[in-house]
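Me: Please go through this model with me in questions and answers, with the cut-offs stated.

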Amino acid sequence: MLKKGNKLYSILTGSCPRCHKESMYLDKNPYHMGKIFEMHERCSHCGLKYKIEPSFFYGAMYVSYAVGIAFAVAAFVIANLFLGADLITTFIAIIGTLIVFMPVIMRISRNIWINMFVKYEPKVSQKKTNIQQNE
Ligand SMILES: [Zn+2]
């Protein structure tokens, strides 16, 4: 399932949404908090500019609500239904999950957001030099 060419690949790995060849981020590890939002200006492989327009990634905040809720629901199901925790413990588990996974949630939201606007282009992925020269 997690192959290049699948949007999920780009979303989960944070790779360039157009060619899937390299990471959009300077530091792949979202838990290096100082660098969580530091991205390359453009893809060195296909030349895609990640920040399509000024403040493009503000829209990712809306996505992060949905992603956050998905994580909260998952925490609820695991704590309450699988582990049989009471409501207070479940609540704490949900809060804890959101805090622990916040860097991941923010990264995934950005990745989903840019993947809504940029399509994977296998041809771009294969030939590299032409596009870069034309940019
Ligand atoms: Zn690229």
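What follows is a set of questions on the fold, one helix, the largest pocket, the core and two backbone angles.

Me: What kind of model is this, and how many helices does the protein chain have?
Reply: This is a predicted model in which local features need pLDDT of at least 70 and side-chain atom pairs count only at pLDDT 80 or more, while totals for chains, interfaces and linings use all residues. Residues are numbered from 1 along each chain as its sequence is written, and side-chain values use heavy atoms, with hydrogens and water left out. Helices (H or I, at least four residues) and strands (E, at least two) are DSSP runs numbered from the N terminus. The pattern along the sequence is α-α-α-α-α-α, with zero strands and six helices.

Me: What share of the residues in the protein chain is buried?
Reply: The C-alpha atoms fill a box of roughly 60 × 30 × 25 Å along the principal axes. Buried means under 20% relative accessible area, exposed over 50%, and partly exposed in between (1.4 Å probe, protein chains only). Of the 135 residues in the protein chain, the buried share is 38%.

Me: How far apart are the end C-alpha atoms of helix α2?
Reply: Helix α2 covers residues 60-82, which is 23 residues. The expected span is 1.5 Å times one less than the number of residues, so α2 should span 33 Å. The computed distance agrees with this, at 31 Å.

Me: Which helices are included in what covers the buried residues of α2?
Reply: The buried residues of α2 are A60, V63, V67, G68, A72, A75, A79 and N80. A70 also lies in helix α2, but counts as partly exposed because its relative accessibility is 45%. The cover over the buried residues includes α3 (87-100) and α4 (102-117).

Me: Which helix gives the most to the lining of the largest pocket?
Reply: A pocket is an open set of points on a 1 Å grid over the protein atoms alone, where a 1.4 Å probe fits, with protein on both sides within 12 Å along at least five of seven lines; lining residues have an atom within 4 Å of a point. The largest pocket has a volume of about 250 Å³, a volume being the space filled by probe spheres set on points joined across faces, edges and corners. Its lining has 14 residues, with F37, A60, M61, S64 and M106 nearest the centre. Among the helices α2, α3 and α4, which each supply at least two lining residues, the one that gives the most, with five residues, is α4.

Me: How many residues does the largest nonpolar core have, and which helix gives the most to it?
Reply: A nonpolar core is a set of buried Ala, Val, Leu, Ile, Met, Phe, Trp, Tyr and Cys residues joined through side-chain atoms within 4.5 Å. The largest has 21 residues, and C16, C43, C46, L48, Y50 and I114 have the most contacts inside it. Both α2 and α4 supply at least two residues of this core. The helix that gives the most, with four residues, is α4.

Me: Is H20 buried or exposed?
Reply: Most residues other than glycine have a negative phi. H20, in the loop between α1 (7-13) and α2, has a positive phi near 60°. Because its relative accessibility is 1%, H20 counts as buried.

Me: What is the phi of S55?
Reply: S55 is also found in the loop between α1 and α2. With a relative accessible area of 39%, S55 is partly exposed. Its phi is positive, near 55°.

Methods:
Contact = heavy atoms within 4.5 Å.
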